[in-house]
Amino acid sequence: MKQKVFVDGQEGTTGLKIHEYLSKIPNIEVIQIDSDKRKDYEARKALLNEADLVFLCLPDSASRESVSMISNPKTKVIDASTAFRTDSTWTYGLPELHKDQRNNIHHSSRVAVPGCHATGFIVAMHPLVAQGIIPIDYPATCYSLTGYSGGGKKLISEYEDLKKDQLFAPRPYSLGLNHKHLPEMQLYAGLNAPPIFTPIVANYFQGDAVTIPLFPRLFKKKVTASNVQELLASYYKDERFIRVIPYDSEAYLEDGYFNLTRCNHTNNLDIFVFGHEDQILLVSRFDNLGKGASGAAIQNMNIMLGFDEGVGLNIEA
Ligand SMILES: NC(=O)C1=CN([C@@H]2O[C@H](COP(=O)(O)OP(=O)(O)OC[C@H]3O[C@@H](n4cnc5c(N)ncnc54)[C@H](OP(=O)(O)O)[C@@H]3O)[C@@H](O)[C@H]2O)C=CC1
Ligand SMILES: CC(=O)N[C@@H](CCC(=O)OP(=O)(O)O)C(=O)O
């Protein structure tokens with residue numbers, strides 16, 4: 001029997017992309033709300049309770065409201081917002097986090113999709129903290145370069161319609177050092193304080209690279225950049241969406257430059273390890289609309305419904 005799926009927020013950036021993926025997946029029946037009723041409480045409530053699985057692609061407050069409307073115990077929920085990512089009654093939707101997480105997701109009915117910047121930070125840091133290389137009190141920093149689609153419809157229209165010619169230069173933001181991803185970055189990396197994190201949005205549509213500088217002299221064990229690459233490669237060796245690039249990563253540069261759009265239109269995330277004995281630079285590269293949002297949401301759905309994890313993903317790869 002087909003699984004009924006409803007996307008609350010179907011006309012937003014994440015919701016539209018999820019629909020694109022869903023159209024390639026068999027055994028799914030997508031149920032839709034009339035466009036003019038997409039914010040109507042009763043209409044949403046009916047579909048939220050009719051579906052076997054719902055995606056919430058909404059601002060945090062609307063996500064909380066949707067969850068409160070669900071009374072059908074069979075409805076599974078995948079939320080793309082920040083609302084429940086560090087809520088202990090929800091499961092963090094990063095299957096690659098550790099060996100039990102995929103199974104946790106499969107058995108959960110409430111899964112929170114990680115934030116895009118947080119995904120890049122956690123996949124690079126978690127294995128190193130968990131294996132006792134990086135101490136939990138390490139003073140972590142990172143910055144993330146992202147395309148403007150990460151800011152949803154409002155930022156897209158700002159870039160595409162309103163100020164096209166004035167927004168050519170990259171723009172750092174969240175300089176109050178209080179970005180909404182900090183709690184999940186700290187919790188799932190396993191650190192006892194959040195990193196100093198500066199995101200930077202630039203004038204291109206999609207693609208994200210999270211960069212983490214590290215000083216091995218502050219580690220608990222003596223390791224070089226090459227050792228770190230080996231460790232990460234071993235940690236993710238069975239993962240189909242996370243690729244740890246060989247240590248000689250400079251060979252992957254293009255004319256000497258890093259191309260942060262190379263994972264676009266896939267659900268892949270590439271981890272690069274640059275550096276030497278004294279300094280290390282980890283870079284996670286992914287599509288903010290792929291592994292950073294809608295692709296990750298679909299991967300979680302596949303796991304929750306017992307489908308092959310890759311169904312519908314990497315459609316344009
Ligand atoms: N874009 C990205 O790369 C990522 C986004 N996210 C998260 O996913 C969620 C959705 O983001 P995104 O798709 O970018 O945002 P958008 O602004 O593009 O879309 C949000 C959608 O939600 C609708 N909406 C707003 N309020 C309500 C409501 N009360 N009831 C029903 N629908 C409502 C909007 O309606 P209308 O069409 O009228 O505007 C819009 O279609 C957010 O929590 C965001 O933080 C997570 C990871 C990455
Ligand atoms: C360019 C831009 O504004 N990007 C968003 C991140 C999008 C994302 O991952 O967001 P959620 O946590 O909302 O799910 C931001 O930094 O807030």
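In this predicted model, 15 residues surround ligand 2, and those that come nearest are Arg85, Tyr173, His179, Lys180 and His181. Divided by class, the shell around ligand 2 holds 5 nonpolar, 8 polar and 2 charged residues.

Polar contacts to ligand 2 involve both side-chain and backbone atoms of the protein. A side-chain N or O atom of arginine 85 is 2.5 Å from an oxygen atom of ligand 2. Histidine 179 likewise places a polar side-chain atom 2.7 Å from an oxygen atom of ligand 2. At glycine 150 the contact is made by a backbone N or O atom, which lies 3.2 Å from a nitrogen atom of the ligand. Ligand 2 exposes 440 Å² when taken alone, and the protein buries 83% of that area.

The site of ligand 2 is the largest pocket. Residues of the shell come from domain 1 (3-114 + 292-304) and also from domain 2 (116-288), so ligand 2 lies between the two domains.

Ligand 1 is surrounded by 22 residues, of which Thr13, Thr14, Arg38, Leu58 and Lys153 are the closest. The shell around ligand 1 consists of 7 nonpolar, 9 polar and 6 charged residues.

Oxygen atoms of ligand 1 take part in polar contacts with glycine 12, leucine 58 and lysine 153. For glycine 12, a backbone N or O atom lies 3.1 Å from a ligand oxygen. Leucine 58 also contributes through its backbone, with a polar atom 2.6 Å from an oxygen atom of ligand 1. Lysine 153 instead contributes a polar side-chain atom, at 2.5 Å from an oxygen atom of the ligand. On its own, ligand 1 has 890 Å² of accessible area, of which the protein covers 83%.

Ligand 1 occupies space belonging to the largest pocket. Three elements, α1 (13-22), α6 (152-162) and α9 (290-304), are those that give two or more residues to the shell around ligand 1. Both domain 1 (3-114 + 292-304) and domain 2 (116-288) supply residues to this shell, so ligand 1 lies between them.

The largest pocket is thus the site of ligand 1 and of ligand 2.

Conventions. Residues numbered from 1 in each chain as written. Chains lettered and ligands numbered in written order. Predicted model: local features only at pLDDT ≥ 70, side-chain atom pairs only at ≥ 80, totals over all residues. Heavy atoms only, no water. Near = heavy atom within 4 Å. Polar contact = N/O pair within 3.5 Å; in protein donor to acceptor, adjacent residues only side chain to side chain. Areas by Shrake-Rupley, 256 points an atom, 1.4 Å probe, with all protein chains shown as cover. 1 Å grid on protein atoms, 1.4 Å probe; cavity = no way out; pocket = protein on both sides within 12 Å on 5 of 7 lines; lining within 4 Å. Sits in = over half its atoms within 2 Å of the grid points. Helix = DSSP H or I, 4+ residues; strand = E, 2+ residues; numbered from the N terminus. Nonpolar A, V, L, I, M, F, W, Y, C, P; charged D, E, K, R; others polar. Domains from an automatic or database assignment.
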